[in-house]
Amino acid sequence: GVDDLQLIGRLEYAAETPRGEVSARIAQEAVSDDGDTVVSTSLALAYRQEINAVSGWEAELTYDASEELVGGDDDDSTTATLAYTRDLTEEWSMRTGYEVTRDSDGDTSNSVFFNIGRDITFGF
């Protein structure tokens with residue numbers, strides 16, 4: 001209910017491994033939309049590892065939940081992602097993979113993605 005105490009914030013942890021990184025995150029935030037206040041909670045565990053100097057792989061498991069403070073409309077979903085990353089040039093990189101999401105209704109969606117990005121650095 002509205003009288004319940006809601007903690008808002010974020011806590012992140014990351015540790016380097018010999019060839020990658022393991023990380024965990026918990027975050028909770030309040031958002032007001034059309035007069036309704038929704039508290040969103042996100043938990044994530046991720047692992048990244050280099051394959052060689054220009055490529056690597058990533059695995060991530062995320063749980064997201066949203067709770068409407070008035071009205072009780074709650075949703076949650078769990079997402080698992082497996083991705084391959086590769087540097088194409090010094091500035092350009094590619095990320096491709098597979099993602100599966102299951103929501104609170106039991107519906108499952110599958111996605112295959114392919115992204116190309118550019119890292120731009122400004123000097124001041």
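Which residues does R118 touch, not counting residues up to four places away in sequence? I began my notes with this question and then worked through the rest of the model, which is predicted.

**Entry 1: R118**

I looked up the contacts of R118 and found E91 and W92, with residues up to four places away in sequence left out. R118 lies in strand 7. I then checked how R118 meets E91, and the side chains of the two are joined by a polar contact of 2.7 Å. Along the chain, R118 and E91 are 27 residues apart, yet I read 5.4 Å between their C-alpha atoms. Is R118 buried or exposed? Neither word fits: R118 counts as partly exposed because its relative accessibility is 47%, and that value falls between the 20% limit for buried and the 50% limit for exposed.

**Entry 2: the whole chain**

Next I stepped back to the chain as a whole. I counted 0 helices and 7 strands in the protein chain. Written in sequence order, the pattern is β-β-β-β-β-β-β. The protein chain has 124 residues, and 19% of them are buried. I also looked at contacts between residues with a separation of 6 or more, and 33% of these come from residues 24 or more positions apart.

**Entry 3: strand 5 and its partners**

I picked strand 5, which covers residues 74-87. What does strand 5 pair with, and in which sense? On one count, strand 4 (residues 55-68) runs antiparallel to strand 5, with 13 bridges joining the two. One bridge I looked up here has L61 paired with A80 of strand 5. Strand 6 (residues 92-103) also pairs with strand 5, again in the antiparallel sense, over 11 bridges. In this pairing I found T85 opposite R95 of strand 6. The link from strand 5 to strand 6 is a hairpin through 4 residues.

**Entry 4: T79**

I stayed in strand 5 and looked up T79, which has its place there. T79 counts as buried because its relative accessibility is 12%, and the limit for buried is under 20%. Leaving aside neighbours within four places in sequence, I listed the contacts of T79 as E60, L61, T62, E99, V100 and T101. With T101 there is also a polar contact, side chain to side chain, at 3.2 Å.

**Entry 5: S40**

S40 was my next stop, and this residue lies in strand 3. S40 counts as partly exposed because its relative accessibility is 24%, and buried would need a value under 20%. The contacts of S40 are A27, Q28, E29, A65 and S66, once neighbours within four places in sequence are set aside. I checked A65 further: S40 and A65 are 25 residues apart along the chain, and their C-alpha atoms are separated by 5.7 Å.

**Entry 6: the largest pocket**

Last, I looked at the largest pocket, which has a volume of about 330 Å³. Its lining has 21 residues, and those closest to the centre are S55, G56, E58, T85 and D87. I had already met T85 opposite R95. Which strand gives the most to the lining of the largest pocket? I found that strand 4 does, with 4 residues. At least two lining residues come from each of strand 3 (36-50), strand 4, strand 5, strand 6 and strand 7 (108-118). I sorted the lining by type and got 5 nonpolar, 9 polar and 7 charged residues.

How values were computed:
Residues numbered from 1 in each chain as written. Predicted model: local features only at pLDDT ≥ 70, side-chain atom pairs only at ≥ 80, totals over all residues. Heavy atoms only, no water. Buried < 20%, exposed > 50% of the residue type's maximum accessible area, 1.4 Å probe, protein only. Polar contact = N/O pair within 3.5 Å; in protein donor to acceptor, adjacent residues only side chain to side chain. Contact = heavy atoms within 4.5 Å. Pairing = 2+ DSSP bridges. 1 Å grid on protein atoms, 1.4 Å probe; cavity = no way out; pocket = protein on both sides within 12 Å on 5 of 7 lines; lining within 4 Å. Points joined across faces, edges and corners; volume = space filled by probe spheres on them. Nonpolar A, V, L, I, M, F, W, Y, C, P; charged D, E, K, R; others polar.
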